[in-house]
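Here are some short exercises to work through with the model open beside you. Try each task before you read its solution.

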Amino acid sequence: ILVYKEVSALAADPPEGIKIYPSEEDITELHTAIEGPEGTPYAGGVFRMRLVLGKDFPAAPPRGYFLTKIFHPNVGHKGEICVNVLRRDWKAELGLRHVLLTIKCLLIHPNPESALNEEAGRLLLEDYKEYASRAHLLTEIHAMGGTSGALQEPADGPQPKKHAGDPNKRVAGAGLPTNGVATNNLSNSSSSGTSSSNTNIVAKKKTDKKRALRRL
């Protein structure tokens, strides 16, 4: 009951830049979407995340996973998140709001010292420009579906393409190539008929000429 109340309160008043998708069927699993903070390689992206509340929660910390692919030192290849508040620094009174805010802060201040993604951790320390480039590239590919930077309900499946212009005009225009082909066919048919007629006239003239020669 306490967990349900906390999740309901969080959904009603979520932290800035974070949206909550509580499950009515299973309150031990919480889906969220975190907006990439401005001034970071994750800006403009929306990152879906899952918090799993174990049977010992809140005595034990929840487990966090990014569902959206992200290039970050503290996020493993399977989306698992390494942050102290989910491990040794956890206290029951901290609550889920504190967890979400800490994970969002992790996007601003990654910690290369406890890296799950060693390549991201190495680049962060040795070549920040390359690290930022890689992180931003994956953000563009995986976290920028739909409206850039806007938190919205996750949508499944391809979206219908939008077309400009009057649909009636598009239909009329679509018929032009067919009419053009029909016109060409009529033109070709007419040309064929004319050509055939000319051939018949020439043949008739030759026949008449032969008959006249025979009479002579």
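**Exercise 1.** Locate Ala60 relative to the strands, and decide whether Ala60 is buried, partly exposed or exposed.

*Solution.* Start with the chain: Ala60 sits in the loop that runs between strand S3 (46-52) and S4. This is a predicted model, and the computed relative accessible area of Ala60 is 27%. Buried requires under 20% and exposed over 50%, so Ala60 is partly exposed. As a last step, look across to Lys91: the two residues are 31 apart along the chain, and their C-alpha atoms are separated by 7.9 Å.

**Exercise 2.** Describe the surroundings of the residue that UniProt lists for "active site".

*Solution.* The unreviewed UniProt entry lists Cys82. Next, place Cys82 in the fold: its loop lies between strand S4 (63-66) and helix H2 (95-108). Then check accessibility: the relative accessible area is 7%, so Cys82 is buried. Finally, collect the contacts, leaving aside residues up to four places away in sequence: Cys82 touches Asn74, Arg87, Leu106, Ser114 and Leu116.

**Exercise 3.** Trace how strands S1, S2 and S3 are paired.

*Solution.* Begin with S1 (residues 18-22) and S2 (residues 29-35), which are antiparallel and joined by five bridges. The hairpin between S1 and S2 passes through six residues. For one bridge in this pairing, find Ile18, whose partner in S2 is Ile34. Now move on to S3: seven bridges connect S2 to S3, again in an antiparallel arrangement. Here Glu29 has Val52 in S3 as its bridge partner.

**Exercise 4.** Classify two of the aromatic pairs by their geometry.

*Solution.* A pair of aromatic rings is described by the distance of the centres and the angle of the planes. The whole structure contains five aromatic pairs. Take Phe47 and Phe66: their ring centres are 6.4 Å apart and their planes lie at 90 degrees, so this pair is edge-to-face. The pair links distant parts of the chain, with Phe47 in strand S3 and Phe66 in strand S4, 19 residues apart. Both Phe47 and Phe66 are buried.

Now compare Tyr128 and Tyr131, with 5.6 Å between centres and 50 degrees between planes, a tilted pair. They are three residues apart in helix H4 (residues 128-142), so about one helical turn separates them. Tyr128 is partly exposed at 45% relative accessibility, whereas Tyr131 is buried at 1%.

**Exercise 5.** Which residues do ring pairs link into a cluster?

*Solution.* Return to Phe47 and Phe66, then add Tyr42: ring pairs link these residues into a cluster.

Key: Residues numbered from 1 in each chain as written. Predicted model: local features only at pLDDT ≥ 70, side-chain atom pairs only at ≥ 80, totals over all residues. Heavy atoms only, no water. UniProt positions renumbered as here; feature names shortened; annotations may be inferred. Helix = DSSP H or I, 4+ residues; strand = E, 2+ residues; numbered from the N terminus. Buried < 20%, exposed > 50% of the residue type's maximum accessible area, 1.4 Å probe, protein only. Contact = heavy atoms within 4.5 Å. Pairing = 2+ DSSP bridges. Phe/Tyr/Trp six-rings, centres within 6.5 Å; stacked < 30°, edge-to-face > 60°.
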